[in-house]
Amino acid sequence: MRRNTKDAELRERAAQVIPGGMYGHMSTAMLPEGYPQFFAKAEGTRITDVDGNVYIDFMCAYGPNLLGYRHPQVTAAVERQQALSDTVTGPGEPMVQLAEALVGMVSHADWAMFCKNGGDATTMALMIARARQGKRKVLVAHKAYHGAVPWNTPRPGGVLPEDRAHLIYYDYNDPQALEDAAKQAGDDLAGIFAAPFRHDTFADQELPDAEYARAARAVADRHDALLIVDDVRAGLRLARDCSWETLGVRPDLSAWGKVLGNGQPISALLGNDRAREAAQKIFVTGSFWYSAVPMAAAVETLRIVRETDYLEHLQRIGTLFRDGLHAQGRAVGLGVKSTGPATMPMVLFDEDPDFRLGYAFCQAALDRGVYLSPYHNMFINAAMTEDDIRLTLEATGAALEHVKKNRASIEPPAALAKMAALVAEH
């Protein structure tokens, strides 16, 4: 039986001093009932909550854990740099080393700039696209997530229509919709944002069609606009290069984050020479953007990415999980499905419009020591082993049996009602 006494106490204390008790993607508003909010420890592929409950973690801190929590070689690089300097009056040598490593790895990149969050990087891309020729219009796919600042946040509170006045939306993977959006922009098209694949929440994932990717490149070229691939979430989980390199399409800009420092706070914007002059026109900065420790961690992470089979391991482990889960679903007669790349699976159920089955499944898996998400794509990390997948499938098998047995009495998730109420307030 899982304990939650300490977690409940911290939630009560947080509610007194933090609006809503928590905010952003860490908010409990969408989590299943009983999910822990606070954690005390992480190692490899396991997380331990403040009550001592241990879980095999399929969220990887919502992406940053690529190689395993507290990876020994990355941790050693952090400790070496921490003994020298971190946030000081100017950057250290790791900044140049990191830029050289990224330019050497990513085919379209001629330069790199560094920041802290994925939203920093996508906003820099937006500014550079507009600064390049003074054009304003930017194409963005419906429901695509590119950060949480006024121009892109999925929640409307505090956002003005003027913040998005020059965004034009199109349907992902639809070349004609992209063409129509570009026609609407006319001679004022500055850039096109594209996710590496469709990874919206509460929806099956969709891999990019090569025709759509080629259309995005062609539209950008025809309008002399910049094509921007947002690889913040998927970077280094699909390729050792920009994700769209696998489609034979090279962007002008790509935004990176999450995995770069294997958990250290750092993100990046990479660009080609077409965008170099515009990158020098914008003013972006932050007190901690030049910190040396995260950059040293990223240099070491990229070395491991280049020199090991981490990616092939992610793909193999992810496929084991996906195949096992599908087999279990067929065995119990439940339409469970895993879509998207095997390294970033989204698990949903057929005939589950209010997500009651998915939420009940994740709650039952959590009770058996596996942390899954019922609405967000998950992540495989390189510390996961075949034994971890065996233990996971034991838990998911029992969880599916629980859902099948109790299907008639499962209630819609209260968490979604809370989220709907929050959105309705605005």
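This report walks through a sheet, one of its strands and a pocket in a predicted model.

## The sheet as a whole

Let's start with the overall layout. Seven strands make up an open sheet, and their order across it is β4-β10-β9-β8-β7-β5-β6, with mixed pairing. β4 (111–115) and β6 are the edge strands; each has a single partner strand, so one side of each is left without a neighbour in the sheet. From one strand to the next, the twist averages 20°.

As a reminder, the strands of a sheet pair through backbone hydrogen bonds, and they can do this either parallel or antiparallel. Both arrangements come up below.

## One edge: β4 and β10

At the β4 edge, the partner is strand β10, which covers residues 267–271. These two strands pair in the antiparallel sense, and five bridges join them. If you would like a spot to look for in the viewer, find F114, which stands opposite A268 in β10.

## Strand β5 and its neighbours

Now move across to β5, which spans residues 137–141. Is this strand mostly covered or mostly open? It is mostly covered, as five of its five residues are buried. Its side chains split between two directions: K137, L139 and A141 point one way, while V138 and V140 point the other way. Notice that the lysine is part of this set, and K137 is buried along with the others.

β5 has a parallel partner on each flank in the sheet order, where it sits between β7 and β6. Strand β7 (residues 189–194) runs parallel to β5 and is joined to it by three bridges; within β7, G191 is the bridge partner of V138. Strand β6 (residues 167–170) is also parallel to β5, with four bridges between them. Here A141 of β5 stands opposite Y170 in β6.

A helix belongs in this picture too. Helix α5, made of residues 175–185, lies across β5, β6 and β7. Relative to β6, helix α5 runs at about 160°.

## The second largest pocket

Finally, here is a look at a pocket. The second largest pocket has a volume of about 420 Å³, and 18 residues line it. Which residues lie nearest its centre? They are M26, F39, I47, A61 and Y69.

Strand β1 (residues 39–43) gives the most to this lining, contributing four residues. By residue type, the lining of the second largest pocket divides into 13 nonpolar, three polar and two charged residues.

Technical notes
Residues numbered from 1 in each chain as written. Predicted model: local features only at pLDDT ≥ 70, side-chain atom pairs only at ≥ 80, totals over all residues. Heavy atoms only, no water. Buried < 20%, exposed > 50% of the residue type's maximum accessible area, 1.4 Å probe, protein only. Pairing = 2+ DSSP bridges. Axes fitted to C-alpha atoms, helices over the stretch in contact; angles between N-to-C directions. Contact = heavy atoms within 4.5 Å. 1 Å grid on protein atoms, 1.4 Å probe; cavity = no way out; pocket = protein on both sides within 12 Å on 5 of 7 lines; lining within 4 Å. Points joined across faces, edges and corners; volume = space filled by probe spheres on them. Nonpolar A, V, L, I, M, F, W, Y, C, P; charged D, E, K, R; others polar.
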